[in-house]
Amino acid sequence: MDTSPPASPARRRDRTHYLYLAVIAAVVAGIAFGFAAPAAAVELKPVGTGFVNLIKMMISPLIFCTIVLGVGSVRQAAKVGRVGGLALGYFLVMSTVALAIGLVVGNIVHPGTGLHLNDAIAKAGQKAASGAPAESTADFVLGIIPTSLLSSLTAGEVLQTLLVALLVGFAVQAMGTRGEPVLAAVGIIQRLVFKVLAMIMWLAPIGAFGAMSAVVGATGVDALKSLAQIMLGFYVTCAIFVFVVLGLLIRVVSGISLFKLLRYLGREFLLILSTSSSESALPRLIAKMEHVGVSRPVVGITVPTGYSFNLDGTAIYLTMASLFVAQAMDNPLSLAEQISLLGFMIIASKGAAGITGAGLATLAGGLQSHRPDLVDGVGLIVGIDRFMSEARALTNFAGNAVATVVIGTWTGEFDRDRARAVLAGEDPFDESTMVDETHAPAPAPVPAASPTTA
């Protein structure tokens with residue numbers, strides 16, 4: 001008699017490994033094509049834009065489902081408020097730290113010294129300024145309120161979706177057991193959204209090829225040589241912030257290695273690198289943060305809020321770009337002017353995370369409001385803004401990933417043992433569904449209707 005234990009079912013092979021190898025090949029091919037045929041490469045820009053737009057159309061429904069499930073499943077409303085308060089306080093402190101690092105490095109490196117403004121550059125700066133948003137605080141607050149309950153899911157406004165999802169989540173929470181069927185239905189919709197997203201991801205190589213071809217074809221290599229100093233300084237500053245500040249923070253607070261977390265999020269970084277948009281990886285960040293051991297309510301509140309308010313990379317960019325423009329025009333900013341101008345820019349940049357080119361418009365708008373004489377200098381960095389937006393997006397994304405783990409630890413909603421197992425590769429992320437089948441709570445059963453008498 002055979003007493004050997006039954007063989008465990010073989011794990012399904014992860015075919016998405018080939019997908020991301022194809023993305024790498026597409027990026028390299030796009031760069032080569034951009035240099036070989038720049039005119040034709042520029043015409044491929046809609047291909048990259050189309051892929052990013054496909055990702056963006058999934059953002060609002062995913063945020064809605066995630067927050068409703070997170071808030072609705074928590075029975076204490078005070079717990080949600082505590083997470084949100086901690087998140088906003090953390091974002092404010094980290095943005096200040098990012099600003100300070102950018103100021104220090106910018107004043108040491110002195111980017112822009114020796115460059116001169118010409119008519120073509122001035123026109124480019126004026127064009128960027130004309131596209132900058134002119135929005136008051138009242139306009140910003142009123143803009144959070146959607147036209148209708150459902151319009152937030154179609155307008156693509158993250159803050160509007162966040163507001164509606166919180167209201168629905170608290171309403172379901174107040175319904176008690178009667179709200180369980182709603183949670184079950186939203187859970188099914190979330191699985192559907194993730195499935196559609198997984199299908200879209202197979203177009204990533206095409207989108208990456210189009211995006212990289214267009215940017216290389218438009219800028220070329222000559223434009224990059226004269227501006228290598230600001231690019232190098234910005235990349236080094238972002239690296240210092242991520243590996244020193246965020247690395248120490250997550251190690252001290254959560255006991256987690258930053259390098260292991262970044263390796264776990266490697267495919268998301270590759271996606272951001274090929275699209276220059278951190279928003280393209282937002283859905284996967286939500287799924288992976290839940291999988292790594294952060295509770296659903298913390299993920300649902302921290303990640304979407306961070307995409308609007310935790311703009312560490314953008315803060316560093318605005319700091320160094322402002323110093324660069326002022327020094328290039330031989331009209332450097334005083335320390336008081338730096339603090340005043342950049343403080344304004346951080347407020348003006350809310351909600352700009354993930355939007356390619358938003359940093360340039362915010363820079364132009366800030367200079368227009370504080371130092372109009374420097375606006376023409378924005379044209380100096382138009383040619384390399386796309387390459388700098390890569391580092392902006394990567395830094396913003398890393399900052400939000402670390403913030404989710406740190407806030408989860410502070411609120412007691414982070415499973416360290418599970419995180420260590422996931423980061424060690426013992427519990428791999430399911431790329432096919434992006435849904436955590438093993439650890440996600442089962443949908444609540446729908447209560448049967450009581451029998452009626454004739």
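## Burial and the pair D427–R418

A residue is called buried when its relative accessible area is under 20%, and R418, at 10% relative accessibility, therefore counts as buried in this predicted model. R418 takes part in a salt bridge with D427, in which the closest N and O atoms lie 2.9 Å apart.

## Other salt bridges

The structure holds 5 salt bridges, and one of them joins K288 to E268, with 3.1 Å between the closest N and O atoms. This pair links distant parts of the chain, since K288 belongs to helix α16 (residues 282–291) and E268 to helix α15 (residues 266–275), the two residues being 20 residues apart. Both partners fall under the 20% limit for burial, because K288 has a relative accessibility of 3% and E268 one of 0%.

A further salt bridge connects R296 with E290, whose closest N and O atoms are 3.6 Å apart; R296 and E290 are both buried. Through shared partners, salt bridges also join E268, R284 and K288 into one network.

## Packing of α4 with α10

Helix α4 (residues 59–72) packs against helix α10 (residues 180–200) at an angle of about 145°, the axes being 9 Å apart, and the crossing of α4 past α10 is left-handed. On the α4 side the contact includes P61, L62, C65 and V68, while on the α10 side L183, V186, I189 and F194 are among the residues met. The contact residues comprise 10 nonpolar and 4 polar ones, with no charged residue.

## Cysteines

A search of the whole structure finds 0 disulfides. C65, one of the α4 residues in the contact with α10, is buried at a relative accessible area of 3%, and C238 likewise counts as buried, at 4% relative accessibility.

Notes. Residues numbered from 1 in each chain as written. Predicted model: local features only at pLDDT ≥ 70, side-chain atom pairs only at ≥ 80, totals over all residues. Heavy atoms only, no water. Axes fitted to C-alpha atoms, helices over the stretch in contact; angles between N-to-C directions. Helix = DSSP H or I, 4+ residues; strand = E, 2+ residues; numbered from the N terminus. Left-handed = near helix turned anticlockwise from the far one by under 90°. Contact = heavy atoms within 4.5 Å. Nonpolar A, V, L, I, M, F, W, Y, C, P; charged D, E, K, R; others polar. Disulfide = S-S within 2.5 Å. Buried < 20%, exposed > 50% of the residue type's maximum accessible area, 1.4 Å probe, protein only. Salt bridge = Lys/Arg side-chain N within 4 Å of Asp/Glu carboxyl O.
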